[in-house]
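Open the structure in your viewer and have the selection tool ready. The tour has two stops: a ligand site and a helix.

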Amino acid sequence: MRSKIVAGNWKMNKNLAETEALLAELSAKLPDTSAEVMVAPTYINLTSAVRHLESSAIEVIAQNMHFAESGAYTGEISADMLLNVGINTAIIGHSERRAYFGETDEILAKKVTTALSKGIRVMFCFGEELADRKSDNHFKVVESQLKNALFALDASSWSKIVLAYEPVWAIGTGETASPEQAQEMHAFIRKTITEAYDASIANDVSILYGGSVKPANAEEIFSKPDVDGGLIGGASLVADDFVAIIKAI
Ligand code: PEP
């Protein structure tokens with residue numbers, strides 16, 4: 001079911017003490033909201049974060065997971081390991097994973113399949129690079145990212161998927177897609193899903209925008225009809241900023 005979501009991707013930031021301090025501040029300042037609020041600390045702090053937020057409405061999610069059940073994959077984390085420490089949602093396909101760790105559409109399709117088979121909700125990230133937008137290829141790129149990683153799924157899988165459209169040129173750059181650009185792409189994504197599946201799946205999926213969302217621009221971006229919230233990087237590391245973004249939804 002489509003819901004409003006604000007998720008913080010902490011990336012490779014915050015040690016254990018800093019993680020606990022930020023979680024404590026967020027819990028204390030969390031506004032009353034019907035939106036789902038999520039944070040994705042680094043792997044090593046997930047267990048502590050889950051314990052810390054036991055009686056909180058904030059969900060702890062993972063930044064990544066491997067597609068294999070278990071085995072010789074040094075440095076990787078499996079779906080079962082996440083479930084075992086109380087994590088039920090994983091970000092898959094973040095542009096930094098694609099750019100720095102060689103994650104292709106094919107690998108991402110495997111990760112999505114594994115996550116769903118284990119009952120893990122997938123927050124699937126995708127988005128075009130600056131060159132794609134400049135050459136007017138952004139719709140084509142986004143369509144192929146969705147098709148290659150998600151469109152082999154059966155219709156029932158979509159209830160466990162959240163989409164996060166993140167134009168690469170807007171991530172961590174301070175440059176944001178305009179609310180109109182975000183709306184245009186989100187509407188295109190729903191149209192593409194309608195064509196591949198049907199309108200009810202397209203209308204039920206939550207589509208988040210990510211890319212330099214800040215307290216100053218969140219409200220306008222979130223006001224667009226096809227934008228159901230945000231995946232927030234830098235601004236989620238500062239409790240007051242993240243809280244202001246939650247309030248904006
Ligand atoms: C992200 O990494 O998902 C992201 C949106 O980062 P930022 O908000 O810092 O652009």
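Which polar backbone atom is 2.9 Å from an oxygen atom of the ligand? Select Gly 234: a polar backbone atom of this residue is 2.9 Å from a ligand oxygen. Keep in mind that this is a predicted model.

Next, select Gly 172. Here too a polar backbone atom faces the measuring tool: the distance to an oxygen atom of the ligand is 2.6 Å. Then select Lys 11, where the atom to pick is in the side chain; a polar atom there lies 2.5 Å from an oxygen atom of the ligand. The protein covers 97% of the 300 Å² of accessible area that the ligand has on its own.

Now show the whole shell around the ligand, which has 14 residues. Those that come nearest are Lys 11, His 94, Glu 166, Gly 172 and Ser 212. Sorted by class, the shell has eight polar, four nonpolar and two charged residues.

For the second stop, select helix H10, residues 215-222. Colour Asn 217, Ala 218, Ile 221 and Phe 222, which are buried. Why are these residues on the same side of H10? They cover an arc of only 125 degrees around the axis, and therefore share that side. Turn to the other side of H10 and select Ala 216 and Glu 219, which are exposed.

Last, show what the buried residues of H10 pack against. There are two helices to select, H8 (179-196) and H11 (239-248), and two strands, E7 (206-210) and E8 (229-232).

Notes. Residues are numbered from 1 along each chain as its sequence is written. This is a predicted model: local features need pLDDT of at least 70, side-chain atom pairs count only at pLDDT 80 or more; totals for chains, interfaces and linings use all residues. Side-chain values use heavy atoms; hydrogens and water are left out. A residue is near a molecule or strand if one of its heavy atoms lies within 4 Å of it. A polar contact is a pair of N or O atoms within 3.5 Å; within protein, one must be able to donate a hydrogen and the other to accept it, and residues adjacent in sequence count only if both atoms are side-chain atoms. Accessible areas come from the Shrake-Rupley method with a 1.4 Å probe; for residues, only the protein chains shown count as cover. Ala, Val, Leu, Ile, Met, Phe, Trp, Tyr, Cys and Pro count as nonpolar, Asp, Glu, Lys and Arg as charged, and the others, Gly among them, as polar. Buried means under 20% relative accessible area, exposed over 50%, partly exposed in between (1.4 Å probe, protein chains only). Helices (H or I, at least four residues) and strands (E, at least two) are DSSP runs, numbered from the N terminus. The arc is that of the directions from the helix axis to the C-beta atoms. Contact means heavy atoms within 4.5 Å.
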